[in-house]
Amino acid sequence: TTSHLQQAAAVAPYPMNHEQISKPADTQAFLDNKLVSSQATQWIDLHDPATNNLVTRVPQQTDAEMTAAVDSAEKAFPAWKATSLLARQQIMFKYVALIRENWDRLAASITLEQGKTFADARGDVLRGLQVAETACGITTQIQGEVLEVAKDMETRSYREPLGIVAAICPFNFPAMIPLWTIPVATITGNTCIIKPSERDPGATMILAELAEKAGFPPGVINIIHGSAKTVDFILDEPRIKAISFVGSNKAGEYIYNRASANGKRVQANLGAKNHAAVLPDCNKNHALNAIAGAAFGAAGQRCMALSTLVLVGETKDWAPEIAERAKALKMNGGFEEGTDLGPVISPQARDRIVSLIDSAEKEGATIVLDGRGQKPEGYPNGNWVGPTIIANVTKDMTCYKEEIFGPVLVCLNVPTFEDAVSLINANEYGNGVAVFTSSGATAQRFQKEIEAGQVGINVPIPVPLPMFSFTGNKKSVAGGGANTFYGKPGMMFYTQQKTVTSFWAAGDATGTKAQANMPTQS
Ligand code: NAD
């Protein structure tokens, strides 16, 4: 049988072995269904995280180029809004099929630019694909309500597109997160501008090419590039009505505030510190395997990574056993067979993670497993940090207070279940949480008392599939989490409600005096 890696090599647009690409091509923008070269004077170098070889250069696009993207989206909007829902649905069916056909190619681009393993990159694509698949059910999801509110009078509700919407994406899920926007925004009749992360825009570019093939008209999906300057352009462009942001708190809080002040609708998913409470009555093997996988998979660069263990009672001595499992995980280039975790995104990210591990050591924690300085053979120049486990961590330590976003698991000890719940609830983030227990009653109590928005019961990464919504809370979202991504709330975010109240009566009305009171409609 052909391995996925061999299949991917057959379709990948670049060498599949992380070797230096002799002449890296510049990343282009996508405007009016065409790839266009930028006239930028500033370029951002993009390196393969496993080798630090140059892969491509990403333009910091000029204001004129970005304005052209908005002009194009504006021009496309009236006809796209007027396109029937069934016609838009047919395009989405085709888009879904094309993403599936190009699954390996998308994954290959992610492994090259982002570093995660090829198998994990396929998961990244799948999670986005599922949003597009679910969006195909729009014909029932978008139905309005109707009620006869008075004699001969009824009110109906409709959901209409907003116009031009924009997505500002993070580096860690290069396919999934653009696909939290593209399917939902377009099937509801909006046109959209996507700004992928400047660190890995390749998957978005493939998604754009596939959108053109699926039959999206020119201008419905445009891709622009750049970093903070591009973000500011999006925030201040009055024709952009809504912004979907996923990324760090630093950028996200700024984006939420500035976009809201400019009158835009914003959905913003931010950082996290996801805890797992481990109870002595849990299925130990299941728990330890699940925890090691969820802490170190994707090199810990998932907003739902399990980064913090709360060891309850006698489980306080379990860290070394998790370390045994973590040691069995293979760190290597993402295209290599059998790799469990790849590099982190950049040398700066690696240095930051290492300095957080250093700080834990200085502040008195115990390094049970030390990934500092580890390197797989054959990749001497990559951004490597091996799985690291820090035990005896306390709440005041820097490694607890900050989101590490690397393959580092910090472990705190508490005596009781109640202590675990209050420790977790005291944390300012509220993205995901998990509990490991064999007791239904304990699990039930945990799910009721815990504040984090996405709860796993013996499930380490409880990211809801797109028939539900992504429901982080507290500091893991901006704006109180009123506008969540995908699912029914995602559809609502990209649409404006309209209600129509109509009166149709047979025959002529009686009486000649106008009624000046507020109608009571009885
Ligand atoms: P980031 O905030 O650095 O970048 C995200 C986007 O914001 C990029 O497109 C970038 O160009 C832009 N940006 C960065 N700094 C900016 C600034 N100062 N001004 C304006 N724009 C700016 O985030 P990242 O490092 O790409 O992603 C990792 C972060 O994303 C982590 O904190 C992670 O928890 C979070 N994340 C959250 C979720 C979620 O659903 N809650 C999902 C994935 C990632």
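When the whole of this predicted model is searched for enclosed space, 3 cavities of 30 Å³ or more are found. The largest cavity holds about 80 Å³ of space, and its lining is made up of 15 residues, of which G300, R302, A305, S307 and F405 are the closest to its centre. Sorted by class, the lining of the largest cavity comprises 8 nonpolar, 4 polar and 3 charged residues. Such spaces can be found in a simple way: rolling a probe the size of a water molecule over the atoms shows where empty space is left.

From the cavities the reader can turn to the pockets, which are open sets of points rather than sets from which the probe cannot get out. The largest pocket has a volume of about 1300 Å³, and among the 49 residues that line this pocket, F171, R199, G247, S248 and A251 are the closest to its centre. Several elements contribute to the lining of the largest pocket, with at least two residues coming from each of the strands β3 (43–47) and β10 (240–246) and from each of the helices α9 (228–236), α10 (249–261) and α13 (347–362). By class, the residues of this lining divide into 24 nonpolar, 14 polar and 11 charged.

The ligand is the next point to examine. It is surrounded by 26 residues, and the closest of these are C169, E198, S248, L270 and E403. S248 is thus listed among the residues closest to the ligand and also among those closest to the centre of the largest pocket. Oxygen atoms of the ligand take part in several polar contacts, and one involves E198, whose side chain places a polar atom 2.7 Å from a ligand oxygen. In the side chain of K195, an N or O atom is 3.0 Å from an oxygen atom of the ligand, whereas G247 takes part through its backbone, a polar atom of which is 3.3 Å from a ligand oxygen. G247 also belongs to the residues closest to the centre of the largest pocket.

A sheet completes the tour. Three strands form an open sheet in the order β5-β6-β21, and their pairing is antiparallel. Its edges are formed by β5 (146–150) and β21 (495–503), each of which pairs on one side only, while the twist from one strand to the next averages 30 degrees. Between β5 and β6 (residues 153–161), which run antiparallel, there are 4 bridges, and L147 has T155 in β6 as its bridge partner. In general, strands of a sheet pair through backbone hydrogen bonds, either parallel or antiparallel.

Key. Residues are numbered from 1 along each chain as its sequence is written. This is a predicted model: local features need pLDDT of at least 70, side-chain atom pairs count only at pLDDT 80 or more; totals for chains, interfaces and linings use all residues. Side-chain values use heavy atoms; hydrogens and water are left out. Two strands pair if DSSP finds at least two bridges between them. Axes are lines fitted to C-alpha atoms, for helices over the stretch in contact, and angles run from 0 to 180 degrees between N-to-C directions. On a 1 Å grid over the protein atoms alone, a cavity is a set of points where a 1.4 Å probe fits but cannot get out, and a pocket is an open set with protein on both sides within 12 Å along at least five of seven lines; lining residues have an atom within 4 Å of a point. Grid points are joined across faces, edges and corners, and a volume is the space filled by probe spheres set on the points. Ala, Val, Leu, Ile, Met, Phe, Trp, Tyr, Cys and Pro count as nonpolar, Asp, Glu, Lys and Arg as charged, and the others, Gly among them, as polar. A residue is near a molecule or strand if one of its heavy atoms lies within 4 Å of it. A polar contact is a pair of N or O atoms within 3.5 Å; within protein, one must be able to donate a hydrogen and the other to accept it, and residues adjacent in sequence count only if both atoms are side-chain atoms.
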